[in-house]
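Q: Hey, got a minute to go through this model with me? I'd like to start with how the strands pair up.

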Amino acid sequence: MSPDLLAPFQSALAVADIDDLAWDKQAGLLPAIVQDAGTLRVLMLGYMDRQALRVTLEQGQVTFYSRSRQRLWTKGETSGHTLQIVDLRTDCDRDTLLVLARPVGPTCHLGRVSCFDAAPGNFLAELDALVAARGRDRPAGSYTTRLFDAGVRAIAQKVGEEGVETALAAVAQDAEALTGEAADLLYHVLVLLQARGLALDDVVHTLRRRHAG
């Protein structure tokens with residue numbers, strides 16, 4: 001398991017807030033929508049009672065109340081495909097929970113990433129995660145592996161080349177050529193960031209900070 005999955009989280013909802021939620025509306029249960037914290041893909045829907053929510057906040061692993069089994073169950077307790085909480089929020093009526101989590105393995109019992117087949121998500125974030133995995137595992141025959149093995153200087157040179165090709169396509173070629181070159185540029189920038197120990201989230205954080213300023 002990646003160390004960042006075990007890092008302390010800061011939830012917008014605290015244990016002290018549990019009794020303030022609208023438990024009476026649905027017989028002591030609240031629906032909990034789970035999103036991938038990285039890609040924002042909706043992963044699943046479950047239900048929590050007070051104790052399930054308390055365990056989730058205290059232990060950092062998403063825990064539900066099983067209506068069929070009439071007991072608490074922590075996601076992945078048998079499969080190992082857990083959901084590590086990143087944040088937890090309520091809606092405006094305080095009767096629905098939104099859980100941001102980092103999945104360890106597929107969330108769906110059918111082996112799919114999401115229980116909602118083909119649920120939309122942030123593809124660029126998914127690609128960034130794939131590039132990071134290539135950087136760690138270095139699978140043989142992978143172009144991304146060859147880039148990482150070549151080192152930061154070589155990757156930076158490739159980014160420069162792709163930047164020039166993108167600029168030339170913008171002024172001298174059609175839209176398909178431009179989007180193709182832009183896609184190459186974005187991919188190589190992701191590789192360069194990972195080679196420097198950074199990620200797409202770091203760039204997004206910088207953009208948000210600038211926007212807020």
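Q: Which residue in β6 does Q84 stand opposite?
A: That's R102: Q84 stands opposite it in β6. Keep in mind that this is a predicted model.

Q: And what's the bridge partner of D87 in β6?
A: L100 is the β6 partner of D87.

Q: How many bridges join β5 to β6, and do they run parallel or antiparallel?
A: Seven bridges link strand β5 (residues 83-90) with strand β6 (residues 97-103), and the two run antiparallel.

Q: What holds strands together in general?
A: Strands of a sheet pair through backbone hydrogen bonds, and the pairing can be parallel or antiparallel.

Q: OK, so what sits between β5 and β6?
A: Six residues do, and the two strands form a hairpin. In the turn, R94 has a positive phi of about 60 degrees.

Q: What's the strand order in the sheet they belong to?
A: It goes β2-β1-β6-β5, so to speak from one side to the other, in an open sheet of four strands with mixed pairing.

Q: Which strands are at the edges?
A: The edge strands are β2 (42-48) and β5, and each of these pairs on one side only.

Q: How much are neighbouring strands turned against each other?
A: On average by 25 degrees, if you ignore direction.

Q: Which helix packs on that sheet?
A: Helix α1, residues 50-59. It touches β2, β5 and β6, and its direction makes about 120 degrees with that of β5.

Q: Switching topic: what does UniProt annotate for residues 44-116?
A: The unreviewed UniProt entry annotates them as "domain: Phosphoribosyl-AMP cyclohydrolase".

Q: How much helix and strand is there over residues 44-116?
A: That part of the chain is 14% helix and 38% strand. Its end C-alpha atoms are 7 Å apart.

Q: Now the helices. At what angle do α2 and α5 cross?
A: Roughly 50 degrees, with the axes of α2 (residues 123-137) and α5 (residues 175-195) coming within 10 Å. That angle makes α2 oblique to α5.

Q: Is the crossing left-handed or right-handed?
A: α2 passes α5 in a right-handed crossing.

Q: Which residues make the contact?
A: From α2 you have L124, L127, D128, V131 and A132, and from α5 there are Y187, L190, V191 and Q194. By class, the contact has seven nonpolar residues, one polar and one charged.

Methods
Residues numbered from 1 in each chain as written. Predicted model: local features only at pLDDT ≥ 70, side-chain atom pairs only at ≥ 80, totals over all residues. Heavy atoms only, no water. Axes fitted to C-alpha atoms, helices over the stretch in contact; angles between N-to-C directions. Parallel < 35°, antiparallel > 145°, perpendicular 65-115°, else oblique. Left-handed = near helix turned anticlockwise from the far one by under 90°. Contact = heavy atoms within 4.5 Å. Nonpolar A, V, L, I, M, F, W, Y, C, P; charged D, E, K, R; others polar. UniProt positions renumbered as here; feature names shortened; annotations may be inferred. Pairing = 2+ DSSP bridges.
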